[in-house]
Amino acid sequence: EAVVSTQSTGTPEVSCVAWTSDSFNIYNMSSDLSSKGWNLAVLQFPAGIHIALTRRHMSPGVIDQLLADIRESAVKQLAAPKSKPSGAAAMYGMAAQIPDRSIVDDIAKEFWKLYYSTG
């Protein structure tokens, strides 16, 4: 069953599935699903999310819970489609909008250095 306002990206050939949305900020969905314990990765060009499905995902009920959480998050995102992402997801959104792509690597390194700083 399809998830409202999301589209798959690419052609999944093995166990990696990616999706995006034209209706809301997909990075907000990433943050929301991460807060529920899902280990997702964000994408750029186009903005998206992907997950590598493993043997653990094949355990009884896991895929059903993942899909339920994705559907719940889609409904939540549609209620506030213009809300801004936060945390690591916000960094990807910001980096995607930098016109001079040559500085993205430097910015990302500084962000993560500060993010993981203990001082």
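Which helix holds both Asp105 and Lys109, and how many residues apart are they? Both lie in helix H4, residues 104-115, and they are four residues apart, about one turn of the helix. The views below start from that pair; please keep in mind that the model is predicted.

**View 1. Asp105 and Lys109 meet in a salt bridge within helix H4.**
The gap from N to O is 3.1 Å in this pair of side chains. Asp105 is partly exposed, with a relative accessible area of 46%, while Lys109 is exposed at 51%. A general point helps when looking at this view: an α-helix has 3.6 residues a turn, so residues three or four places apart point the same way.

**View 2. Glu110 and Lys113 make another salt bridge in helix H4.**
Here the spacing along the chain is three residues, again about one turn of the helix. The closest N and O atoms of Glu110 and Lys113 are 3.1 Å apart. Glu110 counts as partly exposed because its relative accessible area is 41%, and Lys113 counts as exposed at 53%. As a general reminder, side chains of opposite charge can pair when their charged atoms come close.

**View 3. Lys36 reaches Glu72 in a salt bridge between two parts of the chain.**
The structure holds four salt bridges, and this is one of them. Lys36 lies in the loop between helix H1 (26-35) and strand E3, and Glu72 lies in helix H2, so the pair ties together parts that are 36 residues apart in sequence. The closest N and O atoms are 2.5 Å apart. Lys36 is partly exposed at 32% relative accessibility, and Glu72 is partly exposed as well, at 47%.

**View 4. Helix H2 has a buried side and a face turned away from that side.**
H2 covers residues 62-79. With its 18 residues, H2 reaches 26 Å from its first C-alpha to its last, close to the 26 Å expected at 1.5 Å a residue. Which residues of H2 are buried? They are Val62, Leu66, Asp69, Ile70, Ser73, Ala74 and Gln77. These residues cover an arc of only 140° around the axis, which puts them on the same side of H2. On the face turned away from the buried side you will find the exposed residues Asp64, Val75 and Ala79.

**View 5. Val4, Val75 and Leu78 form a nonpolar patch on the surface.**
The patch made by these three residues has an area of about 240 Å². Val75 brings us back to helix H2, where this residue has its place. Is Val75 buried or exposed? Val75 is exposed, with a relative accessible area of 52%, and it sits on the face of H2 turned away from the buried side.

**View 6. Phe111, Trp112, Tyr115 and Tyr116 are linked into a cluster by ring pairs.**
The structure holds five aromatic pairs. Phe111 and Trp112 form an edge-to-face pair, 4.9 Å centre to centre with 85° between the planes. The rings of Tyr115 and Tyr116 have their centres 5.0 Å apart and their planes at 90°, so this pair is edge-to-face too. How accessible are the members of the cluster? Phe111 is partly exposed at 28%, and Trp112 is partly exposed, also with a relative accessible area of 28%. Tyr115 is partly exposed at 46%, whereas Tyr116 counts as exposed because its relative accessibility is 59%.

**View 7. The peptide bond from Phe45 to Pro46 is cis.**
Its omega is near 5°. Pro46 has its place in the loop between strand E3 (41-43) and strand E4 (48-52), and Phe45 lies in the loop between E3 and E4. What is the sign of phi at Phe45? Phi is positive, about 55°, although Phe45 is not a glycine. For background, most residues other than glycine have a negative phi, and most peptide bonds are trans. The side chain to look for belongs to an exposed residue: Phe45 has a relative accessibility of 54%.

How values were computed: Residues numbered from 1 in each chain as written. Predicted model: local features only at pLDDT ≥ 70, side-chain atom pairs only at ≥ 80, totals over all residues. Heavy atoms only, no water. Patch = residues over 30% accessible without salt bridge, like charges linked within 9 Å, V, L, I, M, F, W, Y side chains within 5 Å. Areas by Shrake-Rupley, 256 points an atom, 1.4 Å probe, with all protein chains shown as cover. Buried < 20%, exposed > 50% of the residue type's maximum accessible area, 1.4 Å probe, protein only. Phe/Tyr/Trp six-rings, centres within 6.5 Å; stacked < 30°, edge-to-face > 60°. Expected span 1.5 Å × (residues − 1). Arc of directions from axis to C-beta.
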